[in-house]
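Me: I'd like a close look at a single part of this protein, and then how it fits with everything else. Could you walk me through it in plain words?

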Amino acid sequence: MKTKIHSFFMMTAATVIMAVGIYFFKFTNHFTFGGITGLAVLVAKSGLISASDFSFAANMVLLVLGAVILGRKFVAKTAYCSVLLSILLSLFERIWPMNHPFTSEPLLEVIFAIVLPAFGSAVLFNIGASSGGTDIVAMILKKYSSIDIGRALMLSDVAITVAGFFVFDVEVGLYSCLGLAFRSVLVDNFIESLNLSKYFNVFCSRPEPICDFIVHELNRSATICDGQGAFTGSQKYIIFTALNRHQAVLLRNFIRKEDPSAFILISNTSEIIGKGFHSV
């Protein structure tokens, strides 16, 4: 139950962050990068429907298609995030109508238009969810075709972004290209940062106090191997363990106090799969 509550809270918070970035910074500046919301900016220019309402309608249609084609299991997390995002965008439009950008600095606006949705997307991807939109299209195409889905979605994003040059102006188009270029990079970097853990190789003569601290104080485990010093020929023990960042600081400080002669290698890792970390 705690895991489900935590997952629900994370999905809600990430979707709210995405909605803020999209509505207050992306829609108001007519930035056209990014799937359904980018297309919504172009459609809104016609004056027939607002960007928020188009996003709502498009996401609902795609959600229904996804449920019919991909099955009910698909609906769970993606449906919640997609519906919540669509509702938030529509609510923002009615509660805080934006006739002009927050600031007179387009570069500052595009940074927030990139960073906030990218961070929200990274959190969702990290817990196995998504905000729907073109992700649903990708899932459907993957089921019924053998085309390169990543390339197809990239080409569609490029086409929507380039259209901004003609529908709006060169400045908007260039900022949209900037957003498209940095969005995917930021999502990957955010995911790595969220998953960042520390991998320890500890070379020592007395492994017992260190392993006792790892097991009883940090509630983790470790592996011990025998070793031999190449220069001294003395017997050594090698302790392998993986910890989160806070635990890594505690272990490092403990070892420096308990066994100052120990040799420690600490590496960053963003992919640890197993008990206590991520499931497969």
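How many of the 10 residues of H2 are buried?

Reply: Before the answer, a bit of small print. This is a predicted model, with residues numbered from 1 along each chain as its sequence is written. Local features need pLDDT of at least 70, side-chain atom pairs count only at pLDDT 80 or more, totals for chains, interfaces and linings use all residues, and side-chain values use heavy atoms, with hydrogens and water left out.

Now to H2: 7 of its 10 residues are buried, so this helix is largely enclosed by the rest of the structure. "Buried" means under 20% relative accessible area, "exposed" means over 50%, and "partly exposed" is in between (1.4 Å probe, protein chains only). The label H2 comes from DSSP: helices are H or I runs of at least four residues, strands are E runs of at least two, and both are numbered from the N terminus. The buried ones in H2 are Gly35, Ile36, Thr37, Gly38, Ala40, Val41 and Leu42.

Walk back along the chain and you hit the loop between helix H1 (2–27) and helix H2 (35–44), where His30 sits. His30 has a positive phi, near 65 degrees, although it isn't a glycine. With a relative accessible area of 35%, His30 counts as partly exposed.

What's around H2? Look at Phe27, which touches Ile22, Thr37, Ala40, Val41, Ala51, Ser52, Ser55 and Leu89, not counting residues up to four places away in sequence. Touching, or contact, means heavy atoms within 4.5 Å. Thr37, Ala40 and Val41 in that contact list are also among the buried residues of H2.

Phe27 belongs to a bigger picture. In the largest nonpolar core, which has 41 residues, Phe27, Phe33, Leu89 and Leu124 touch the most other members. (A nonpolar core is a set of buried Ala, Val, Leu, Ile, Met, Phe, Trp, Tyr and Cys residues joined through side-chain atoms within 4.5 Å.) The elements giving two or more residues to this core are H1, H2, helix H3 (51–70), helix H4 (72–95), helix H5 (106–126), helix H6 (134–144) and helix H8 (170–195). H1 brings the largest share, 9 residues. There's also a second, separate core of 14 residues, including Val202, Ile214, Leu218 and Leu243.

Staying with the helices for a moment, H4 holds Ser82, which is buried with a relative accessible area of 0%. Leaving aside neighbours within four places in sequence, Ser82 is in contact with Asn59, Met60, Leu63, Ser131 and Gly132.

The UniProt record (an unreviewed entry) annotates residues 6–24, 54–71, 78–96, 108–128 and 149–167 as "transmembrane region". Its positions are in the numbering used here, feature names are shortened, and annotations may be inferred rather than shown by experiment. In the model, residues 54–71 are 94% helix and 0% strand, with end C-alpha atoms 25 Å apart. For residues 108–128 the values are 90% helix and 0% strand, and the ends are 31 Å apart.

Further along there's an open sheet of 4 strands in the order E2-E3-E1-E4, with antiparallel pairing. Two strands count as paired if DSSP finds at least two bridges between them. The edges are strand E2 (223–228) and strand E4 (263–269), each pairing on one side only. From one strand to the next the twist averages 20 degrees. Strand E1 (residues 197–204) is joined to strand E3 (residues 235–243) by 7 bridges, and Cys204 stands opposite Tyr237 in E3. Helix H10 (residues 245–258) packs on the sheet, touching E1, E3 and E4, with its direction at about 20 degrees to that of E1. Those angles are between N-to-C directions and run from 0 to 180 degrees, with axes fitted to C-alpha atoms, for helices over the stretch in contact.

E2 and E3 make a hairpin with 6 residues between them, and Gly233 in the turn has a positive phi of about 75 degrees.

For another helix with buried residues, try helix H9 (residues 207–216), where Pro207, Pro209, Ile210, Cys211, Phe213 and Ile214 are buried. Their cover includes E1, E2, E3 and H10.

How far should you trust all this? The chain's average pLDDT is 84, and 93% of residues score at least 70; pLDDT is the predictor's confidence in each residue, from 0 to 100. Among the elements, H6 has the lowest mean (73) and H9 the highest (93).
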